[in-house]
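Here is a friendly walk through a structure you may not have met before. Take a moment to turn it around on the screen, then read on.

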Amino acid sequence: MLDIQPRLQQWYATIPELSKAHPASIFASQAYWDAIYNNTILLLHRPKSTVLHVSNEASSISFDASCKLIANIKILQRDGKIDIMWKYVHHLFMAGLGVIYSIWQFKEIRDRTPVRSSISMLQSCATTLAAMSETFPGASSCRNVFDSLSSATIDWLLTNDADEVRQNRLDFEKQVQDLLQQLQPSREGCFETNECGTDNMSNMLSADNFAFGEMLNSAAQWPFLDYMGFGDFDGVGPDPIQVAGFVSGADNLEMT
């Protein structure tokens with residue numbers, strides 16, 4: 001690993017300029033060189049039967065290389081720049097398996113990768129395999145196996161995502177209920193549970209409740225500004241000049 005990685009980086013950095021190749025040549029395609037590079041990265045870092053525990057770094061590198069390789073081969077297939085069909089079918093199938101394995105085995109990868117992105121990548125791999133199988137019958141078995149694996153993975157991702165969204169909503173409602181119990185009502189009797197129905201999230205948010213808005217505003221406004229570091233202005237509140245500067249220069253704000 002220590003020997004190959006630097007030499008691979010050097011090779012990639014010294015790829016000849018694409019403009020020197022004939023436009024119709026495969027060497028004029030950036031995707032061709034990227035596919036070679038990313039496939040080699042995948043070979044170096046993908047899980048192996050001789051290694052019981054895969055590090056988070058290796059799993060992340062393997063997943064990223066798999067995703068990039070799928071995108072590279074899709075471009076080559078679309079542009080008709082695949083030179084050896086069986087070789088790229090194998091590369092694509094292994095990259096697809098790398099994505100599926102990473103999704104199932106590593107929670108860190110699932111947490112940092114949006115569900116829609118994972119589904120899109122799996123579908124991209126499946127459609128490219130299907131396109132290859134039209135001209136290379138040997139790809140059909142790979143396509144069929146991958147379709148089954150990716151369908152099961154997508155179903156699992158959607159189920160987990162729905163459960164997470166549901167749990168997030170329950171957690172949010174619980175936080176609001178705790179807030180209502182901690183804060184004093186702005187108007188007498190307005191937040192009575194029996195009258196306003198604040199024990200129900202839908203009733204609470206749909207009610208035309210001016211006092212409720214006032215309460216949330218007073219509860220959130222000043223602590224937020226104080227957290228952002230504006231402090232007090234003569235013991236009255238935040239400096240309006242500082243606040244204006246924060247709002248107008250939000251894009252250039254640097255947190256230190």
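## A salt bridge inside one helix

Asp111 and Lys107 both sit in helix α5, four residues apart, which is about one turn of the helix. Their side chains meet in a salt bridge, with 2.8 Å from N to O. Keep in mind as you look that this is a predicted model.

How open are these two partners? Asp111 has a relative accessible area of 55%, so it is exposed, the cut-off being over 50%. Lys107, at 48%, is partly exposed.

## The other salt bridges

How many salt bridges does the structure hold? There are four. One of them joins Asp64 to Arg112, where the closest N and O atoms are 3.3 Å apart. This pair ties together distant parts of the chain: Asp64 belongs to helix α3, while Arg112 belongs to helix α5 (residues 107–112), 48 residues apart. Asp64 counts as partly exposed at 29% relative accessibility, and Arg112 is partly exposed too, at 43%.

Another one links Arg78 with Asp79, and here the closest N and O atoms are 3.2 Å apart. Arg78 counts as exposed, with 60% relative accessibility, whereas Asp79 is partly exposed at 40%.

## A gathering of rings

Now for the aromatic side chains. The count comes to eight aromatic pairs. Take Phe27 and Tyr32: their rings form an edge-to-face pair, 5.6 Å centre to centre, with 80° between the planes. Phe27 is partly exposed at 41% relative accessibility, but Tyr32 counts as buried at 11%.

Tyr32 has a second ring partner to look at, Trp33. Why is this pair called edge-to-face? The planes of Tyr32 and Trp33 stand at 80°, with the ring centres 5.3 Å apart, and an angle over 60 degrees counts as edge-to-face, so the label fits. Both Tyr32 and Trp33 are buried. Step back a little and you can pick out one aromatic cluster made up of Trp11, Tyr12, Phe27, Tyr32, Trp33 and Tyr37.

## The nonpolar core

In soluble globular proteins, nonpolar side chains tend to be buried together. In this model, the largest nonpolar core has 41 residues. Which of its members touch the most others? They are Tyr88, Val99, Met132 and Phe146. Several helices chip in: α2 (30–45), α3 (56–79), α4 (85–105), α6 (115–135) and α7 (140–182) each supply at least two residues of this core.

Phe146 is a handy place to zoom in. Leaving aside residues up to four places away in sequence, Phe146 touches Phe93, Gly96, Leu97, Ile100, Leu122, Cys125, Ala126 and Leu129.

## A closer look at α6

Helix α6 is one of the suppliers of that core, and α6 has 21 residues. How far does α6 reach from its first C-alpha to its last? The span is 32 Å, close to the 30 Å expected at 1.5 Å a residue.

Which residues of α6 are buried? They are Ser118, Ile119, Met121, Leu122, Ser124, Cys125, Ala126, Thr128, Leu129, Met132 and Ser133. You have met some of these names already: Leu122, Cys125, Ala126 and Leu129 are among the residues that Phe146 touches, and Met132 is one of the core members with the most contacts to other members.

Conventions
Residues numbered from 1 in each chain as written. Predicted model: local features only at pLDDT ≥ 70, side-chain atom pairs only at ≥ 80, totals over all residues. Heavy atoms only, no water. Core = buried A, V, L, I, M, F, W, Y, C linked by side-chain atoms within 4.5 Å. Buried < 20%, exposed > 50% of the residue type's maximum accessible area, 1.4 Å probe, protein only. Contact = heavy atoms within 4.5 Å. Expected span 1.5 Å × (residues − 1). Phe/Tyr/Trp six-rings, centres within 6.5 Å; stacked < 30°, edge-to-face > 60°.
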